[in-house]
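Here is a friendly briefing to read with the structure open beside you. Please look at the picture first, then work through the points topic by topic.

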Amino acid sequence: MMKGFLNKFGAFDLVIIAMMAALGVAVKPIVVALAHIITGPLFIPGGALAGGFYMMWLVLGAGFVKKRGTATLIGLVQSIMVIATGVYGTHGIVSLLTYTLPGLTVDIILWITRQEPDEKMVMFISGIGANLCGVILANLVFFRLPMVPLLLSISAGALSGALGGLLAWLVLMRLRKLNI
């Protein structure tokens, strides 16, 4: 089944998927550290606010490649990279879920809306969906926040995801303008 799934992706698509996965993993620790300046006093995880800016790579990859399953594949590659290298945290095998499910969320949103993955509104909504999925998963698996910090996390996650989705759209439009 996986072989049939991967057959629809060309070599260039797979390079883009790998590049988006690597950029997402590379950006995460930097952005989360900066977000902790704001989120620390509010007692919410830095990833809630920063998430939109590393989830944007899932949305950007889906918009660039324009094939079903792209965002899920990016998330899966990210999880394998994190597990294999131990780069970010000690989440271990749980990383398989926490990295892959936001990508699956993007793909489900694209499937439900039946929109092209490079449209502004769907990238906006996909960014929100991916980051909310990440915030909820992180809370269920790691944090178990009380109600008020959880609501703050969800609100920050939705805002950050929306901004990440719009940023992904802007980057995609710039790349298209450059004929890339």
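The notes below go through helix packing, some single residues, aromatic pairs and two loop residues.

This is a predicted model, in which local features need pLDDT of at least 70 and side-chain atom pairs count only at pLDDT 80 or more, while totals for chains, interfaces and linings use all residues. Residues are numbered from 1 along each chain as its sequence is written, and side-chain values use heavy atoms, with hydrogens and water left out.

**How two helices pack**

- Helices here are DSSP runs (H or I, at least four residues), numbered from the N terminus.
- Find helix α5 (residues 95-113) and helix α6 (residues 120-143).
- The two helices pack at an angle of about 145°, and their axes are 8 Å apart; axes are lines fitted to C-alpha atoms over the stretch in contact, and angles run from 0 to 180 degrees between N-to-C directions.
- The crossing of α5 and α6 is right-handed, a label used if the near helix is turned clockwise from the far one by less than a right angle (anticlockwise would be left-handed).
- On the α5 side, the residues making the contact (heavy atoms within 4.5 Å) include Leu-97, Leu-101, Val-106 and Ile-109.
- On the α6 side, they include Val-122, Ser-126, Gly-129 and Cys-133.
- The residues of this contact divide into 12 nonpolar, six polar and no charged. Ala, Val, Leu, Ile, Met, Phe, Trp, Tyr, Cys and Pro count as nonpolar, Asp, Glu, Lys and Arg as charged, and the others, Gly among them, as polar.

**Two residues to find in these helices**

- Is Thr-100 buried or exposed? Thr-100 is buried, because its relative accessible area is 14%; buried means under 20%, exposed over 50%, and partly exposed in between (1.4 Å probe, protein chains only).
- Thr-100 is found in α5, and a polar atom of its side chain lies 2.6 Å from the backbone oxygen of Leu-96.
- Leaving aside neighbours within four places in sequence, Thr-100 is in contact with Thr-72, Gly-75, Leu-76, Ser-79 and Ser-95.
- Ser-126 belongs to α6 and counts as buried, because its relative accessibility is 2%.
- Outside its neighbours within four places in sequence, Ser-126 is in contact with Val-59, Val-106, Ile-109 and Leu-110.

**Residues in α7 and α2**

- Ala-158 sits in helix α7 (residues 147-177) and is partly exposed, with a relative accessible area of 24%.
- Not counting residues up to four places away in sequence, Ala-158 touches Ile-128 and Leu-132.
- C-alpha to C-alpha, Ala-158 and Cys-133 are 9.8 Å apart in space, with their places 25 residues apart in sequence.
- Ile-154 also lies in α7, and at a relative accessible area of 29% Ile-154 is partly exposed.
- Which residues does Ile-154 touch, not counting residues up to four places away in sequence? They are Leu-132 and Val-135.
- Val-25 has its place in helix α2 (residues 11-39) and is buried, with a relative accessible area of 8%.
- Val-25 and Val-77 are 52 residues apart in sequence and 9.8 Å apart in space, C-alpha to C-alpha.

**Aromatic pairs**

- Rings of Phe, Tyr and Trp (its six-membered ring) pair if their centres lie within 6.5 Å; planes under 30 degrees apart count as stacked, over 60 as edge-to-face and the rest as tilted.
- By this rule the count comes to three aromatic pairs.
- One of them joins Phe-5 and Phe-9, whose ring centres are 5.5 Å apart and whose planes are at 70°, so the pair is edge-to-face.
- Phe-5 is partly exposed at 25% relative accessibility, whereas Phe-9 is buried at 5%.
- Another is Phe-142 with Phe-143, with centres 6.4 Å apart and planes at 70°, so this pair is edge-to-face.
- Phe-142 is partly exposed at 33%, and Phe-143 is partly exposed at 43%.

**Two loop residues with positive phi**

- Most residues other than glycine have a negative phi.
- Lys-66, in the loop between α3 (46-65) and α4 (70-85), has a positive phi near 60° and is partly exposed at 37% relative accessibility.
- Arg-114, in the loop between α5 and α6, has a positive phi near 55° and is exposed, with a relative accessible area of 57%.

Terms used. A polar contact is a pair of N or O atoms within 3.5 Å; within protein, one must be able to donate a hydrogen and the other to accept it, and residues adjacent in sequence count only if both atoms are side-chain atoms.
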